[in-house]
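Got the viewer open? Let's take a short walk through this structure, one selection at a time.

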Amino acid sequence: MDMRLELVSVPVTDIDRAKAFYVDQVGFVADHDIPVDDSLRFVQLTPPGSACSIVLDVDMTSMPAGTQQGLQVVVDDADAAYAHLVGRGVAAEPVVEFPWGRFTFFADPDGNRWAVQQLNRG
């Protein structure tokens, strides 16, 4: 039996601000933006090339905004990812190297933290 992780909630305070950050600055693809009812708007975004998406979460779960930590995407080139993020106004941290890969880190406007990893090949 396959079990694929395909959607992760990211708790935010403002859907429009978060969507603009992830789409316009980070470069995620906007898959869905559907008003479900007066209190729920389903906004699903996907990192380019990823099989897993995020849903912007305003009161969908009990997680307070900014508490999602340890989200991670993998890229071919951490330096290029860093340059892309900084060039689009994201306050990414300079690339650091660990035995398990090269990383840059950033947070969204609510403080949800992301790692961008270039795997060590070898």
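## Starting at helix H1

Begin with H1 and look at what surrounds it: the cover over its buried residues includes S1, S3, S4, H2, strand S7 (101-107) and S8. Keep in mind as you go that this is a predicted model.

Now select residues 15-26, which make up H1, and show the side chains of Ile15, Ala18, Phe21, Tyr22 and Val26. These are the buried residues of the helix. Where do they sit around the axis of H1? They span an arc of only 135 degrees, which puts them on the same side of the helix. That fits a general pattern: an α-helix has 3.6 residues a turn, so residues three or four places apart point the same way.

Turn the view around to the face of H1 that points away from the buried side. Here you'll find Asp16 and Asp24, both exposed.

Next, try your distance tool on the end C-alpha atoms of H1. They are 15 Å apart, which agrees with the 16 Å that twelve residues should span at 1.5 Å a residue.

Zoom in on the two ends. At the start of H1, aspartate 14 has a side-chain oxygen within 3.0 Å of the backbone nitrogen of aspartate 16. Just after the helix comes glycine 27, with a positive phi of about 105 degrees.

## Into the core

Select Tyr22, Val26, Ile54, Leu56, Phe106 and Trp114. In the largest nonpolar core, which has 22 residues, these six touch the most other members. Two or more core residues come from each of strand S1 (7-11), H1, strand S3 (40-46), strand S4 (53-57), helix H2 (78-87) and strand S8 (113-118). Which element gives the most? H1 does, with five residues.

Stay on tyrosine 22 and bring up its surroundings. Leaving out residues up to four places away in sequence, its contacts include Val10, Leu45, Ile54, Leu56 and Trp114. Glycine 27, the residue with the positive phi, is among the residues that tyrosine 22 touches too.

## A stop on strand S3

Move to threonine 46, which lies in strand S3. Is threonine 46 buried or exposed? Its relative accessible area is 10%, so it counts as buried, the cut-off being under 20%. Its side chain makes a polar contact of 2.5 Å with the side chain of serine 53. Beyond four places in sequence, threonine 46 also touches Phe28, Val29, Asp31 and Cys52.

## Zooming out

Finally, select residues 4-119, where an unreviewed UniProt entry places the feature "domain: VOC". Over this stretch the chain is 19% helix and 41% strand, with its end C-alpha atoms 21 Å apart.

How values were computed: Residues numbered from 1 in each chain as written. Predicted model: local features only at pLDDT ≥ 70, side-chain atom pairs only at ≥ 80, totals over all residues. Heavy atoms only, no water. Core = buried A, V, L, I, M, F, W, Y, C linked by side-chain atoms within 4.5 Å. Buried < 20%, exposed > 50% of the residue type's maximum accessible area, 1.4 Å probe, protein only. Helix = DSSP H or I, 4+ residues; strand = E, 2+ residues; numbered from the N terminus. Contact = heavy atoms within 4.5 Å. UniProt positions renumbered as here; feature names shortened; annotations may be inferred. Expected span 1.5 Å × (residues − 1). Arc of directions from axis to C-beta. Polar contact = N/O pair within 3.5 Å; in protein donor to acceptor, adjacent residues only side chain to side chain.
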